[in-house]
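Visitor: I would like a close look at one part of this structure, the surroundings of the ligand. Please take me through that part, then set it in the context of the chain.

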Amino acid sequence: MIGAGVLGTMHALSAIERGYDVVHLEREEDARGASVRNFGLVWVSGRAPGVELELALAARARWEAIAQRCPGIGFRANGSLTLAANDAELALMAQACERADASARGFALLDADEVRAVNPALAGEFAGGLHCTRDAGVEPRLVPHALRRFMEATGRYRFVPGADVVGVRTSRVTTSTGAVFEGDRIFVCTGAAHQGLGADVLADAPVRRVRLQMFETEPFAPHLTTSLADGDSLRYYPAFDLPGRTGLGLQDPIAEAHHMQLLCQQRLDGSLTIGDTHDYDEPFAFDLDEAPTTYLVGVTERFLGQKIPPIARRWAGVYSQIEFTVEGPVYLRRSLDDGVELVTGPGGRGMTLSPAIAEESFR
Ligand SMILES: Cc1cc2nc3c(=O)[nH]c(=O)nc-3n(C[C@H](O)[C@H](O)[C@H](O)COP(=O)(O)OP(=O)(O)OC[C@H]3O[C@@H](n4cnc5c(N)ncnc54)[C@H](O)[C@@H]3O)c2cc1C
């Protein structure tokens, strides 16, 4: 396996479960990419009907099953609430609840009192919300370590950090220091490193890179029983591509300029991970923009009805995203040589889908 993000790590786990010996190469000392910079949302609610939803449901089931054996990943089936700020958003949520696949997603339309009953920390302003019981959360900064410890215990797994892979061909991997590793099957899970391994294949592939901004607060005392999203998320997720979307009206100018939605997940220590923005134009900014952060703090405080704790850290992350079509494919898989596969491009759903994508690689 090449790449210690969630895709490479889930491939390693699927291989270990099938009895393989695994050598796992990572150019950094540890996972440093999108996989440790995300919300840890295992997000079923907004997925496109068909292939994407099926993959998300399979992945969610596998996250839960992995957590039985490896509780250190911090999986919790906490569900989500997408909060409506007005009647137009509520009307679209009502349409989503009439989808043929609404029960598979665990959708229910709630009024404001019902929202507060599900998540009592929500003491602020909203018109109601969409409850999705199938959404879940994990701890992104703990997942790689927890899974590696679990695999090491089998005696058939070796992690090699600081291994910058510069060449792959059938059965053979070479690093920048000239070290050579051999294996029957090679998976290249190098995330958004589009100019590295497989650059020639990626140059013609329908993938792009997307940069996001996020932040995390100091611990917030009240317990959020669910993940949170705001009505702007209805503008992006394919599950909400329904007639009511045209009635949503204008988006806030800052949210529109930065292609934003509110997503919020409380970490196990109580801190709130909040985002996000989407930037599609390279070269990406190297600095963080404050306006989106100020905007998201305001939205979160409006829902919670109180100030959130001071921001403890801010960061940006980049993921690789395949061009979206409802029919799929949901991610990019390309052969680089016999027995060598490049797997990337799951976009903003890579944390969610990774365990199911890895299982597909071995089928
Ligand atoms: C801010 C943010 C929030 C997100 N939120 C969510 C979310 O809540 N839920 C969700 O489902 N998805 C989310 N995503 C998307 C998700 O994080 C990604 O799709 C997923 O993590 C991609 O995993 P990966 O393993 O392909 O890539 P990465 O995590 O980037 O891992 C790739 C690894 O390969 C290594 N590598 C690269 N080149 C080489 C080389 N030549 N040799 C050796 N190693 C190499 C890199 O160092 C890196 O560690 C989010 C993404 C971002 C950026």
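Guide: What follows starts at the ligand and then moves outward through the chain. Keep in mind that this is a predicted model.

Start with the shell. The ligand has 37 residues around it. Those that come nearest are Glu26, Ser35, Leu41, Gly347 and Thr352. Sorted by class, the shell holds 17 nonpolar residues, 13 polar ones and seven charged ones.

Now the polar atoms. Asparagine 38 places a polar side-chain atom 2.9 Å from an oxygen atom of the ligand. Valine 6 takes part through its backbone: a polar atom there is 3.3 Å from a ligand oxygen. Arginine 349 also uses its backbone, with an N or O atom 3.4 Å from an oxygen of the ligand. How much of the ligand does the protein bury? Taken alone, the ligand exposes 1,000 Å², and 96% of that is buried by the protein.

Which elements give two or more residues to this shell? They are two helices, α1 (6–17) and α10 (350–361), and two strands, β12 (207–217) and β16 (311–322). Two of these deserve a closer look.

Take α10 as the next stop. Of its 12 residues, 11 are buried, so this helix is largely enclosed by the rest of the structure. The buried stretch includes Gly350, Met351, Thr352, Leu353 and Ser354. It goes on with Pro355, Ala356, Ile357, Ala358 and Glu359. Ser361 is buried as well. Thr352 links this helix back to the ligand, as one of the residues that come nearest to it.

Strand β16 is the other stop. Serine 320 lies in this strand. Is serine 320 buried or exposed? Its relative accessible area is 3%, and the cut-off for buried is under 20%, so serine 320 counts as buried. A polar atom of its side chain lies 3.4 Å from the backbone nitrogen of glycine 345. Leaving aside residues up to four places away in sequence, serine 320 touches Thr344, Gly345, Pro346 and Gly347, among others. Gly347 is also one of the residues that come nearest to the ligand. Other contacts of serine 320 include Gly191, Ala192 and His194. Val207 and Arg208 are touched too, and both numbers fall within the range of β12 (207–217).

Step back to the whole chain. The protein chain has 10 helices and 18 strands. Its C-alpha atoms fill a box of roughly 60 × 40 × 40 Å along the principal axes. Why does the chain fit a compact globule? For 363 residues, such a globule would have a radius of gyration near 21 Å, and the chain has 20 Å, which agrees. Buried residues account for 56% of the 363. The chain exposes about 15,100 Å², with 51% of it supplied by carbon and sulfur atoms.

Contacts also reach far along the sequence. Among those between residues at least 6 apart, 75% join residues at least 24 apart. Valine 51 gives one long-range example. It lies in helix α2 (residues 51–69). Its C-alpha atom is 8.0 Å from that of proline 329, although 278 residues along the chain separate the two. With residues up to four places away in sequence left out, valine 51 touches Glu327 and Val330. At a relative accessible area of 43%, valine 51 is partly exposed.

Some backbone details complete the tour. Where are the cis peptide bonds? One joins glycine 275 and aspartate 276, with omega about 0°. Another joins glutamate 282 and proline 283, with omega about 5°. Aspartate 276 sits in the loop between β15 (272–275) and α9 (290–304). Proline 283 is found in the loop between β15 and α9.

Positive phi values also turn up outside glycine. Serine 171 has a phi near 65°. This serine is in the loop between β8 (165–169) and β9 (172–175), and its relative accessible area of 32% makes it partly exposed. Histidine 259 has a positive phi of about 50°. Its place is the loop between α8 (253–257) and β14 (263–266). Histidine 259 is partly exposed, at 33% relative accessibility.

How values were computed:
Residues are numbered from 1 along each chain as its sequence is written. This is a predicted model: local features need pLDDT of at least 70, side-chain atom pairs count only at pLDDT 80 or more; totals for chains, interfaces and linings use all residues. Side-chain values use heavy atoms; hydrogens and water are left out. A residue is near a molecule or strand if one of its heavy atoms lies within 4 Å of it. A polar contact is a pair of N or O atoms within 3.5 Å; within protein, one must be able to donate a hydrogen and the other to accept it, and residues adjacent in sequence count only if both atoms are side-chain atoms. Accessible areas come from the Shrake-Rupley method with a 1.4 Å probe; for residues, only the protein chains shown count as cover. Helices (H or I, at least four residues) and strands (E, at least two) are DSSP runs, numbered from the N terminus. Ala, Val, Leu, Ile, Met, Phe, Trp, Tyr, Cys and Pro count as nonpolar, Asp, Glu, Lys and Arg as charged, and the others, Gly among them, as polar. The radius of gyration is taken over C-alpha atoms; the globule rule is 2.2 Å times the number of residues to the power 0.38. Buried means under 20% relative accessible area, exposed over 50%, partly exposed in between (1.4 Å probe, protein chains only). Contact means heavy atoms within 4.5 Å.
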